[in-house]
Structures are given as structure tokens and as C-alpha cells.
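Colleague: I'd like to go through the labels on this one with you. Can you show me what we're looking at, and then I'll ask where the words come from?

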Protein chains: 2
Amino acid sequence: MQSKQAVTILSALAQSSRLAVYRLLIEHAPDGLAASAIAQKLGLANATLSFHLKELSHAGLVASRQEGRFIYYSPVIAAMNDLIGYLTDHCCSQSARGCATGKAGCKPATATKPRSAAASKRRSA
Amino acid sequence: MQSKQAVTILSALAQSSRLAVYRLLIEHAPDGLAASAIAQKLGLANATLSFHLKELSHAGLVASRQEGRFIYYSPVIAAMNDLIGYLTDHCCSQSARGCATGKAGCKPATATKPRSAAASKRRSA
DNA sequence: CAAACAATTCTATCATTATGGAAATATCGA
DNA sequence: TCGATATTTCCATAATGATAGAATTGTTTG
């Protein structure tokens with residue numbers, strides 16, 4: 001994942017309403033929710049929600065499908081996964097301490113250990 | 001980590017200059033770089049860089065220390081780790097498919113498996 | 001103290017983002 | 001086709017963010 005794309009995804013998530021939408025969709029994965037249901041649950045005006053959904057779609061964080069006269073939005077897990085991979089790589093890479101294990105995210109910086117090779121593997125997961 | 005703080009950190013990273021600053025600091029962890037060196041390397045005006053550093057500091061992503069007449073900025077790995085933990089949790093939680101293993105980030109959504117308990121452990125790492 | 005340097009704050013300006021009412025588009029059921 | 005419903009687009013407005021010159025603050029060295 002390139003930095004430009006990372007910025008796009010980060011921007012999409014860096015807004016409380018949109019983060020709330022995304023989290024709500026995660027709760028309802030993999031089927032998702034209709035736009036009206038999202039608007040109702042989060043108390044957003046239709047136009048406002050539509051604006052935010054457009055942002056999330058554009059960033060590739062959500063997908064939509066028409067079903068009857070409803071449009072269902074669902075989260076795209078791969079996009080989030082890519083973002084986490086990007087952050088993990090650039091949090092733990094190079095000379096940075098704090099990425100001792102092959103596990104999850106970064107560890108608090110303490111000792112100097114050989115950097116894990118797991119990060120690059122994880123990218124393609 | 002609360003959503004509000006997550007939005008703060010995401011916002012701080014959701015800007016290309018700031019993401020570049022953060023990545024540059026990661027390359028130079030744990031000692032960091034002086035503001036002037038950052039500005040020079042990234043081709044940013046001093047005032048502009050100062051503005052971005054303030055954002056990053058406010059989000060807790062970087063720390064600073066004065067050394068002579070230089071101010072050195074260094075990345076706060078724990079903050080990034082918290083963010084990754086937050087995203088991992090809210091990417092993989094509840095009914096969402098796609099978090100089969102206890103490893104790193106999320107997996108592409110496929111099968112339905114018992115959700116890992118590693119996420120909550122990871123939070124406190 | 002004064003000069004040189006590092007960095008920040010002040011200030012103004014320009015650009016982008018968020019919000020929601022109103023109109024437009026699309027789908028369904030009668 | 002018509003009316004009801006779902007959603008988006010259009011539009012104007014308000015709020016926030018980014019940029020950088022100039023002035024300011026703080027530090028070091030002579």
C-alpha cells in the first residue's frame with residue numbers, strides 16, 4: 001500500500017461520524033445495513049450520511065449493493081487490513097525499536113532486538 | 001482507547017506532510033530529528049512544519065526534547081500501537097468475519113470461525 | 001550584552017470539509 | 001401510471017485545516 005492511499009483511508013476514518021458508520025457496519029458485517037438504517041441509528045441527516053458514505057466508498061472502506069429500493073452498505077475488511085499492515089510496517093520498520101515479536105502491532109519501545117520479518121508477510125495476508 | 005482519541009490520532013496521520021514527518025521520525029527512532037532537519041528533508045517551511053508538529057504532538061504521536069538550541073522530535077511508538085490495537089479490535093470484533101487467527105491484522109473475510117481473544121490482550125501490550 | 005541561529009506564535013489568506021434543506025433520481029407496489 | 005419510499009445530488013453556508021511571511025521567544029557563542 002502506498003502512502004497516498006493510506007492518507008485517503010486515514011482521512012476517511014478521521015471523522016467521528018464516519019468512524020461511527022464504519023464501526024456500525026462492522027457490527028453488522030458481512031450483510032451490512034441500508035443507508036436509512038444507518039442514518040436512523042446514528043441520527044444523521046440523509047444528505048450528510050450520503051456524503052460520508054461517499055467518502056468511505058471512495059476510500060474503499062465500504063461496498064454497497066442495491067437490494068430492492070434499499071442500498072446496503074457493508075465494510076470491506078481487506079481495506080482495513082491493508083491499512084493496519086501499512087501502519088504496522090511503518091511503525092516497526094527500519095531502525096525503530098519496539099517491534100520485537102512477530103505479533104500484532106508494535107510494542108512500546110524498549111530493548112533492541114532483531115526486527116521481525118513478519119511485517120512484510122502480513123502485507124499480503 | 002476511545003473513539004474520540006482514535007479520531008484525533010487518525011486526523012493527525014491523515015495528511016500527507018504529517019504522515020511523511022511521522023515516517024521520517026520512525027526511520028530515525030529512537031533519537032529523532034531536530035525540527036530544522038525535518039523541514040530540510042521534507043522541504044517544508046518552518047512555520048508549516050511547526051504547525052504539523054503541533055498536531056502530531058497534540059495527538060501524542062511524537063514527543064520532543066530540547067537539546068541545545070535544537071528541539072528533537074521522536075515518535076511515540078505506544079500511540080501508534082494503541083491505534084493499531086483500536087483498529088484491529090474494531091475491524092475484527094463482534095459478528096464480523098475475517099479475524100480467524102490471533103495474528104496481526106484482519107484477514108480477508110471468508111469463513112466463520114470463533115473470534116480471537118488476542119485482540120483484547122493486545123490492547124494492553 | 002549583542003549577534004547568530006532554532007523554533008514557535010501571530011496573522012492573513014486560501015482551500016477543503018461538514019452540514020442539511022430542497023430538488024432530482026430510482027425503485028417498488030397498487 | 002401514480003404515489004410512497006429510499007437515496008443521492010445540488011446548493012449555500014459554516015467550520016476547520018493548510019500555508020507561509022513576519023514578528024517573537026529562547027539558546028548559544030563571542
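Modeller: Let me start with a term: two strands pair if DSSP finds at least two bridges between them. Strands themselves are DSSP E runs of at least two residues, helices are H or I runs of at least four, and both are numbered from the N terminus. As for the ground rules, residues count from 1 along each chain as its sequence is written, while chains are lettered from A and ligands numbered from 1 in the order in which they are written. The model is predicted, with local features needing pLDDT of at least 70, side-chain atom pairs counting only at pLDDT 80 or more, and totals for chains, interfaces and linings using all residues; side-chain values use heavy atoms, with hydrogens and water left out.

Colleague: What makes the sheet in chain B an open one, and in what order do its strands run?

Modeller: There are three strands, ordered β1-β3-β2, with antiparallel pairing. β1 (33-34) and β2 (62-67) of chain B are the edge strands, since each pairs on one side only.

Colleague: How do you know that β1(B) and β3(B) pair?

Modeller: Two bridges join them, and at least two is what pairing asks for, so they qualify. They run antiparallel, with B:A34 standing opposite B:Y72 in β3(B). In general, strands of a sheet pair through backbone hydrogen bonds.

Colleague: Over to chain A. Why is A:F70 called partly exposed?

Modeller: Its relative accessibility is 42%. Buried means under 20% and exposed over 50%, with partly exposed in between (1.4 Å probe, protein chains only), so A:F70 gets the middle label. A:F70 sits in strand β3 (residues 70-75) of chain A. Beyond neighbours within four places in sequence, A:F70 is in contact (heavy atoms within 4.5 Å) with A:A34, A:S36 and A:R65.

Colleague: Which residues touch the most other members of the largest nonpolar core?

Modeller: A:L13, A:L61, B:L13 and B:L61, out of 62 residues. Such a core is a set of buried Ala, Val, Leu, Ile, Met, Phe, Trp, Tyr and Cys residues joined through side-chain atoms within 4.5 Å. Setting aside neighbours within four places in sequence, the contacts of B:L13 include A:L10 and A:L87 from chain A, and B:L61 and B:M80 from chain B.

Colleague: Now the DNA. Which residues come nearest to strand C?

Modeller: A:Q15, A:H52, B:S36, B:S50 and B:Y73, out of 20 around DNA strand C; near means a heavy atom within 4 Å. By class they are nine nonpolar, eight polar and three charged. Here Ala, Val, Leu, Ile, Met, Phe, Trp, Tyr, Cys and Pro count as nonpolar, Asp, Glu, Lys and Arg as charged, and the others, Gly among them, as polar.

Colleague: What makes A:R18 a polar contact of DNA strand C?

Modeller: An N or O atom in the side chain of A:R18 is 3.0 Å from a phosphate oxygen of that strand. The cut-off for a pair of N or O atoms is within 3.5 Å, so A:R18 passes. A:G68 passes too, with a backbone N or O atom 3.4 Å from a sugar or linking oxygen.

Colleague: And how close does B:H52 come to a phosphate oxygen of DNA strand D?

Modeller: A polar side-chain atom of B:H52 lies 2.6 Å away. On the backbone side, A:I71 has an N or O atom 3.0 Å from a phosphate oxygen of DNA strand D. The biggest contribution to the surface near this strand, four residues, comes from α4(B).

Definitions and conventions. Polar contact = N/O pair within 3.5 Å; in protein donor to acceptor, adjacent residues only side chain to side chain.
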